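Reader: Hey, I just opened this one and I'm new to it. Can you walk me through what's there?

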Amino acid sequence: MNINMNPNSERHQSVVRMPDLAQVPEDLVSHAMEFQSTMMMYSGAIRKVKTKLEVLNDELSVRNQRNPIELIKSRVKRPKSIVEKLQRRGYPVTLESMKEHLDDIAGIRVICTFVDEIYTVADMLARQDDIRIVAVKDYIKHPKPNGYRSYHMIVETPVFFSDSKKNMRVEVQIRTMAMDFWASLDHQLKYKKDIGGAADRISRELKECADVIADTDQRMLEIRQSIEAEGGTVM
Ligand code: 0O2
């Protein structure tokens with residue numbers, strides 16, 4: 001592509017011309033601000049639930065001499081993903097519709113070392129009195145047909161702002177490192193559209209890998225339990 005770098009040329013001006021903000025319709029500006037403020041609330045909810053998980057991790061690591069949580073990742077869903085998900089499900093693409101229909105705008109992913117710790121962390125979070133469990137999907141006991149494994153909770157918790165208290169929903173996905181490795185690759189591969197006739201074979205291979213990973217997770221847990229039964233500790 002040939003781009004004219006002369007700043008005085010008409011072509012250059014057309015490339016760099018910025019929108020005149022005074023011309024941007026007022027309702028667009030107010031919608032943008034409303035969207036930004038809603039996203040700020042979801043960020044607040046993430047921070048609150050993430051802190052709870054960090055405190056639990058600290059407590060468990062003192063008690064068991066081991067960190068059950070390897071890593072906590074979080075994100076607010078990107079506007080493009082929000083629009084795509086609403087459209088895919090046939091909902092209107094509005095802020096109200098997003099708040100009503102999507103429970104994973106605020107997302108936290110907790111990576112545990114061993115499978116049993118997933119349930120320990122989930123139970124401890126669920127028992128807190130300012131956490132309401134909206135839904136649970138146990139894709140570990142009931143893996144998806146493609147092999148996806150993870151423990152999903154939608155939780156609702158009050159978050160306090162300057163002049164209001166809002167009950168905010170957060171999706172918490174809890175999984176082992178091995179499950180996370182598999183899910184990340186699976187997610188990336190979903191965007192590779194040009195695999196054509198290899199799609200069936202790749203899905204089959206991914207499913208086989210998911211099963212091997214689940215078996216390895218189980219065996220690692222059993223090894224840890226054998227060490228503990230002998231009076232040892234796993235750091
Ligand atoms: P992204 O880009 O990760 O945010 P539901 O709420 O029950 O109507 P939903 O939202 O599909 O339906 O719920 P589900 O099944 O609990 O899945 C929610 C999220 O789990 C997905 O979000 C993914 O993050 C993850 N997930 C579910 N299934 C798979 C899978 O087969 N492979 C991988 N890699 N991840 C999966 P999004 O919005 O689909 O995507």
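Author: Sure. Keep in mind that this is a predicted model. Let's start with I133, which counts as partly exposed because its relative accessibility is 31%, and partly exposed covers the range between under 20% for buried and over 50% for exposed.

Reader: OK, and which strand is I133 found in?

Author: I133 belongs to strand β3, which covers residues 132–138.

Reader: How far apart are the C-alpha atoms of I133 and E156?

Author: They're separated by 6.4 Å, although I133 and E156 are 23 residues apart along the chain.

Reader: Switching spots: where does R109 lie?

Author: R109 is in strand β2, residues 106–112. R109 has a relative accessible area of 29%, so it is partly exposed. Its C-alpha is 8.2 Å from that of L71, with the two positions 38 residues apart in sequence terms.

Reader: Zooming out, how many helices and strands are in the chain?

Author: Seven helices and five strands. Going from the N terminus, the order is α-α-β-α-α-β-α-β-β-β-α-α.

Reader: And what share of the chain is buried?

Author: Of the 235 residues, 35% are buried.

Reader: Now the ligand. Where does it sit?

Author: In the largest pocket. Two elements each give two or more residues to the shell around the ligand: β5 (165–176) and α6 (177–190).

Reader: Which of them gives the most to the shell?

Author: That's α6, with four residues.

Reader: How many residues surround the ligand, and which are the closest?

Author: There are 18 around the ligand, and the closest are K77, K85, K137, N146 and D186.

Reader: How do the shell residues divide into nonpolar, polar and charged?

Author: Eleven are charged, four are polar and three are nonpolar.

Reader: What about atom-to-atom distances? Start with the side chain of D186.

Author: An N or O atom in the D186 side chain is 2.6 Å from a nitrogen atom of the ligand. For A183, a backbone N or O atom is 3.0 Å from a ligand nitrogen. The side chain of H152 has an N or O atom 2.9 Å from an oxygen atom of the ligand.

Reader: And how much of the ligand does the protein bury?

Author: The protein buries 73% of the 740 Å² that the ligand exposes when taken alone.

Methods
Residues are numbered from 1 along each chain as its sequence is written. This is a predicted model: local features need pLDDT of at least 70, side-chain atom pairs count only at pLDDT 80 or more; totals for chains, interfaces and linings use all residues. Side-chain values use heavy atoms; hydrogens and water are left out. A residue is near a molecule or strand if one of its heavy atoms lies within 4 Å of it. A polar contact is a pair of N or O atoms within 3.5 Å; within protein, one must be able to donate a hydrogen and the other to accept it, and residues adjacent in sequence count only if both atoms are side-chain atoms. Accessible areas come from the Shrake-Rupley method with a 1.4 Å probe; for residues, only the protein chains shown count as cover. On a 1 Å grid over the protein atoms alone, a cavity is a set of points where a 1.4 Å probe fits but cannot get out, and a pocket is an open set with protein on both sides within 12 Å along at least five of seven lines; lining residues have an atom within 4 Å of a point. A molecule sits in a cavity or pocket if more than half of its atoms lie within 2 Å of its grid points. Ala, Val, Leu, Ile, Met, Phe, Trp, Tyr, Cys and Pro count as nonpolar, Asp, Glu, Lys and Arg as charged, and the others, Gly among them, as polar. Buried means under 20% relative accessible area, exposed over 50%, partly exposed in between (1.4 Å probe, protein chains only).
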